[in-house]
Amino acid sequence: MTQTPASPAPVHWKISIDANDPHAQADFWAAALRYEVEDNSALIEKLLGFGALPEELTVEFHGRRAFRDLVAVRHPEDPFEEESGTGLGRRLLFQRVPEEKTGKNRLHLDLHPGEGRREEEVARLEGLGARVLRRVAEQGGEWVVMADPEGNEFCVH
């Protein structure tokens, strides 16, 4: 009898998003998705202690040490590494870039708040700093195209 090799584990991934202010973007998206901002402070303190990370590459964020140019949000029920605070599941990573966003996104998130909750969710997201770009009603469905505080488009279905 020939044994079939076990399927490899799914590939671990994250979506990386360029940002002028990664910490503000992390706060917006954590609130929008009801995710958690990752706490990498234990890892950062360890790297600082080893001299592997210069102090100027860190900031205080939510009362703890954070990387100056990178911050991630993760689903609250997904696993994470205790030692580093890094999520091992659904994550968005915001990385600092010097330039402003230009042009249309090539990738965007579609949010699905549930049947009959679109307008309530749009209002909640506007309260967090998003803005409505347009409302779409087509034969295939209806949705609202929005922009986050840095202009990244996303849709609410």
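A salt bridge here is a side-chain nitrogen of Lys or Arg within 4 Å of a carboxyl oxygen of Asp or Glu. With that in hand, welcome to a few close-ups of this predicted model.

**View 1. Glu-45, Glu-55 and Arg-65 are linked in a network of salt bridges.** Within the network, the side chains of Arg-65 and Glu-45 meet at 3.2 Å, N to O. This pair ties together distant parts of the chain, since Arg-65 sits in strand S4 (residues 64-67) and Glu-45 in helix H2 (residues 41-50), 20 residues apart. Arg-65 is partly exposed, at a relative accessible area of 24%. Glu-45 is partly exposed as well, its relative accessibility being 41%. For the whole model, the count comes to 14 salt bridges.

**View 2. Arg-117 and Glu-120 form a salt bridge, and so do Glu-119 and Arg-135.** Between Glu-120 and Arg-117, the closest N and O atoms are 3.5 Å apart. Glu-120 counts as exposed because its relative accessibility is 53%, and the cut-off for exposed is over 50%. Arg-117 is partly exposed, with 29% relative accessible area. For the other pair, the closest N and O atoms of Glu-119 and Arg-135 are 2.8 Å apart. Here too distant parts of the chain are linked: Glu-119 belongs to helix H3 (residues 118-128) and Arg-135 to strand S8 (residues 131-138), 16 residues apart. Glu-119 has a relative accessible area of 43% and is partly exposed.

**View 3. Four strands, in the order S1-S6-S5-S2, make an open sheet with mixed pairing.** At the edges are strand S1 (15-19) and strand S2 (36-37), each of which pairs on one side only. Strand S5 (residues 70-74) and strand S6 (residues 91-96) run antiparallel and pair over 5 bridges. A handy place to look is Ala-72, which stands opposite Leu-93 in S6. Helix H1 (residues 22-33) lies across S1, S2, S5 and S6, and its direction is at about 160° to S6.

**View 4. A second open sheet of 4 strands has the order S7-S10-S9-S8, again with mixed pairing.** Its edge strands are S7 and S8, each pairing on one side only. On average, neighbouring strands of this sheet are turned by 25° against each other, direction ignored. S8 and S9 form a hairpin with 2 residues between them, and 7 bridges join these antiparallel strands. To follow the register, find Val-132, whose bridge partner in S9 is Met-146. Arg-135, the salt-bridge partner of Glu-119, stands opposite Val-144 in S9.

**View 5. Helix H3 lies across S7, S8, S9 and S10, running at about 0° to S9.** Which residues of H3 are buried? They are Glu-121, Val-122 and Leu-125. Seen down the axis of H3, the buried residues fall within an arc of 100°, so they line one face of the helix. A helix has a simple rhythm to keep in mind while you look: an α-helix has 3.6 residues a turn, so residues three or four places apart point the same way. The buried residues of H3 pack against H1, strand S7 (109-111), S8, strand S9 (141-147) and strand S10 (153-156). On the other side of H3, Glu-120 and Gly-127 are exposed. After the helix comes Gly-129, with a positive phi near 120°.

**View 6. The largest nonpolar core has 23 residues.** The residues with the most contacts inside this core are Trp-29, Val-73, Phe-94, Leu-125, Met-146 and Phe-154. At least two core residues come from each of S1, H1, S5, S6, H3, S9 and S10. Which element gives the most to this core? That is H1, with 5 residues. Two residues of this view may be familiar: Leu-125 is one of the buried residues of H3, and Met-146 is the bridge partner of Val-132.

Notes. Residues are numbered from 1 along each chain as its sequence is written. This is a predicted model: local features need pLDDT of at least 70, side-chain atom pairs count only at pLDDT 80 or more; totals for chains, interfaces and linings use all residues. Side-chain values use heavy atoms; hydrogens and water are left out. Buried means under 20% relative accessible area, exposed over 50%, partly exposed in between (1.4 Å probe, protein chains only). Two strands pair if DSSP finds at least two bridges between them. Contact means heavy atoms within 4.5 Å. Axes are lines fitted to C-alpha atoms, for helices over the stretch in contact, and angles run from 0 to 180 degrees between N-to-C directions. The arc is that of the directions from the helix axis to the C-beta atoms. A nonpolar core is a set of buried Ala, Val, Leu, Ile, Met, Phe, Trp, Tyr and Cys residues joined through side-chain atoms within 4.5 Å.
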